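Thanks for coming. I have one structure to go through this morning, and I will keep it short.

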Amino acid sequence: MSNENQVVNFLSDLGKELVLLAKQAQVDSAQDLFQKGRRICFYEVLSLMREQAIAFGINLDAIGLNGIDIDDLLRPTLVTSS
């Protein structure tokens with residue numbers, strides 16, 4: 001595997017993993033102040049990734065962010081009790 005393929009795979013996996021962690025922090029932030037800060041941090045990181053990809057002409061799909069509404073991470077998730 002070439003170094004370029006490794007970089008592409010790394011960025012794609014990293015983006016997808018960060019999105020999963022961010023969504024979990026979004027759910028957890030409804031009841032935990034630390035998770036609220038964590039959710040905002042993930043938003044900052046993912047926003048920076050998106051902005052830099054656009055600036056460098058990199059397709060968002062290549063970094064695992066295509067179709068992801070990063071701004072949704074700022075909206076708290078409501079937890080309902082059963």
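Start with the nonpolar surface patch: Val7, Phe10, Leu11 and Leu14 make it, and its area is about 320 Å². Keep in mind that this is a predicted model. One of the patch residues, Phe10, sits in helix H1. Phe10 has a relative accessible area of 52%, so it counts as exposed, the cut-off being over 50%.

Now to Ser12. Helix H1 runs over residues 3-28, and Ser12 is part of it. Is Ser12 buried or exposed? Its relative accessible area is 13%, and because buried means under 20%, Ser12 is buried. What does Ser12 touch, leaving aside neighbours within four places in sequence? The contacts are with Asp61, Ala62, Ile63 and Gly64. So within helix H1 we have Phe10 exposed and Ser12 buried.

Next, the chain as a whole. The protein chain has two helices and zero strands. Along the principal axes, its C-alpha atoms fill a box of roughly 50 × 25 × 20 Å. There are 82 residues, and 27% of them count as buried. Take the contacts between residues at least 6 apart in sequence: 63% of those join residues at least 24 apart.

Last, surface and charge. About 5,800 Å² of the protein chain is exposed, with 57% of that supplied by carbon and sulfur atoms. As for charge, there are 11 negative side chains and 7 positive ones, and 6 Å separates the centres of the two sets.

That is the end of my part.

Definitions and conventions: Residues are numbered from 1 along each chain as its sequence is written. This is a predicted model: local features need pLDDT of at least 70, side-chain atom pairs count only at pLDDT 80 or more; totals for chains, interfaces and linings use all residues. Side-chain values use heavy atoms; hydrogens and water are left out. Helices (H or I, at least four residues) and strands (E, at least two) are DSSP runs, numbered from the N terminus. Buried means under 20% relative accessible area, exposed over 50%, partly exposed in between (1.4 Å probe, protein chains only). Contact means heavy atoms within 4.5 Å. Patches are made of residues with over 30% relative accessible area and no salt bridge: like charges are joined within 9 Å, nonpolar side chains (Val, Leu, Ile, Met, Phe, Trp, Tyr) within 5 Å. Accessible areas come from the Shrake-Rupley method with a 1.4 Å probe; for residues, only the protein chains shown count as cover. A salt bridge is a side-chain nitrogen of Lys or Arg within 4 Å of a carboxyl oxygen of Asp or Glu. Lys and Arg count as positive and Asp and Glu as negative; His and the chain ends are not counted. The place of a charge is taken as NZ of Lys, CZ of Arg, CG of Asp or CD of Glu.
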